[in-house]
There are 2 protein chains.
Amino acid sequence: MKIRIFVTLKNGVLDPQGKAIHHALESLDFKGVNDVRAGKLIELDVDDGTSDSDIEKMCEKLLANTVIENFEIERPTDQAAREA
Amino acid sequence: MKIRIFVTLKNGVLDPQGKAIHHALESLDFKGVNDVRAGKLIELDVDDGTSDSDIEKMCEKLLANTVIENFEIERPTDQAAREA
């Protein structure tokens with residue numbers, strides 16, 4: 001089962017990487033970009049029996065720094081809904 | 001309009017970051033993880049009129065290295081479908 005985890009910086013946390021991307025887009029002459037935030041995407045291939053709470057624990061212990069980052073877990077059913 | 005861009009390594013491209021996360025999960029005693037791939041998530045806040053082709057150009061020119069990476073664009077309608 002493929003699971004996607006989105007790790008994003010919390011609001012208010014400075015994001016120099018996002019700022020750099022924003023500047024680069026502007027210097028490449030792309031218009032209409034108001035803000036850029038950079039985050040991480042982690043794709044896990046886990047056994048089908050893996051519970052939500054196990055995955056949440058992985059995020060809290062290792063994948064995200066919950067002091068400054070939020071995480072979101074996307075399961076295969078969500079992916080199907082997105083692609084429909 | 002908030003747009004999310006997922007940048008992932010193509011199949012076959014070595015992913016040392018993903019491997020390191022995999023090892024770390026195992027040493028933290030999480031079972032049932034078969035594979036980990038690390039990617040990037042870029043959130044753009046763009047003007048409502050921004051076309052798909054503009055966003056694709058941003059990905060091809062700056063956000064993704066299309067030699068080794070794939071990108072996926074998620075628009076707000078996709079996000080609504082995912083959350084429904």
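Me: What makes up the surroundings of A:Glu69, not counting residues up to four places away in sequence?

Reply: In this predicted model, A:Glu69 touches A:Val7, A:Thr8, A:Leu9 and A:Lys10, and also A:Lys40, A:Leu63 and A:Ala64, again not counting residues up to four places away in sequence. A:Glu69 itself sits in strand S3 of chain A.

Me: Why is A:Glu69 called buried?

Reply: The cut-off for buried is under 20% relative accessible area. A:Glu69 comes out at 12% relative accessibility, so it counts as buried.

Me: And A:Ser51, why does that one get the label "partly exposed"?

Reply: That label covers whatever falls between the limits of 20% and 50%. A:Ser51 has 30% relative accessibility, so partly exposed is the right class. You'll find A:Ser51 in the loop between S2 and helix H2 (52–63) of chain A. Its C-alpha atom and that of A:Ser27 are separated by 45 Å, with the two positions 24 residues apart along the chain.

Me: What makes S1 and S2 of chain A a strand pair?

Reply: Pairing takes at least two bridges between the strands. Strand S1 (residues 2–9) and strand S2 (residues 33–46) of chain A have six, so they pass, and they run antiparallel. One example of a bridge has A:Ile5 partnered with A:Ile42 in S2(A).

Me: How do you know that S1 and S2 of chain B pair too?

Reply: Same test, at least two bridges. Six bridges join strand S1 (residues 2–9) of chain B to S2(B), again antiparallel, so the pair qualifies. Within that chain, B:Lys2 stands opposite B:Asp45 in S2(B), and B:Arg4 stands opposite B:Glu43 in S2(B).

Me: What makes S2(A) and S2(B) a pair across the two chains?

Reply: Once more, the bar is at least two bridges. S2(A) and strand S2 (residues 33–46) of chain B are joined by 13, so they count as paired, and they run antiparallel. Among the partners, A:Asp35 goes with B:Asp45, while A:Leu41 goes with B:Gly39.

Me: Which strands belong to the sheet, and in what order?

Reply: Six strands line up as S3(A)-S1(A)-S2(A)-S2(B)-S1(B)-S3(B), forming an open sheet with antiparallel pairing.

Me: Why are S3(A) and S3(B) called edge strands?

Reply: Strand S3 (69–74) of chain A and strand S3 (69–74) of chain B each pair on one side only. As for the twist, neighbouring strands of this sheet are turned by 25° against each other on average, if you ignore direction.

Me: What does H2(A) touch on the sheet?

Reply: H2(A) packs on S1, S2 and S3 of chain A together with S2 of chain B, and its direction makes about 150° with that of S3(A). On the other chain, H2(B) lies across S2 of chain A together with S1, S2 and S3 of chain B, running at about 150° to S3(B).

Me: Why are H1(A) and H2(B) described as roughly perpendicular?

Reply: Helix H1 (residues 16–27) of chain A and helix H2 (residues 52–63) of chain B pack at about 110°, with their axes 11 Å apart. The roughly perpendicular class runs from 65 to 115 degrees. So H1(A) and H2(B) are roughly perpendicular to each other. A:Ile21, A:Ala24 and A:Leu25 do the touching from H1(A), and B:Met58, B:Leu62 and B:Leu63 from H2(B). By class, this contact has six nonpolar, no polar and no charged residues.

Me: How do you know which label fits H2(A) and H1(B)?

Reply: Their axes come within 11 Å and cross at roughly 110°, and the window is 65 to 115 degrees. Therefore H2(A) and H1(B) are roughly perpendicular as well. Here A:Met58, A:Leu62 and A:Leu63 meet B:Ile21, B:Ala24 and B:Leu25.

Me: What makes the relation between the two chains a two-fold axis?

Reply: A rotation of 180° with 0.0 Å of shift along its axis puts chain B on chain A, at an RMSD of 0.0 Å. That is the relation of a two-fold axis.

Me: And how do you know that the copies meet through the same surface?

Reply: Of the interface residues of chain B, 100% are also interface residues in chain A, so the copies use the same surface.

Key: Residues are numbered from 1 along each chain as its sequence is written. Chains are lettered from A and ligands numbered from 1 in the order in which they are written. This is a predicted model: local features need pLDDT of at least 70, side-chain atom pairs count only at pLDDT 80 or more; totals for chains, interfaces and linings use all residues. Side-chain values use heavy atoms; hydrogens and water are left out. Axes are lines fitted to C-alpha atoms, for helices over the stretch in contact, and angles run from 0 to 180 degrees between N-to-C directions. Helices (H or I, at least four residues) and strands (E, at least two) are DSSP runs, numbered from the N terminus. Angles under 35 degrees count as roughly parallel, over 145 as roughly antiparallel, 65 to 115 as roughly perpendicular and the rest as oblique. Contact means heavy atoms within 4.5 Å. Ala, Val, Leu, Ile, Met, Phe, Trp, Tyr, Cys and Pro count as nonpolar, Asp, Glu, Lys and Arg as charged, and the others, Gly among them, as polar. Copies are superposed by least squares on the C-alpha atoms of residues with pLDDT of at least 70 in both. Buried means under 20% relative accessible area, exposed over 50%, partly exposed in between (1.4 Å probe, protein chains only).
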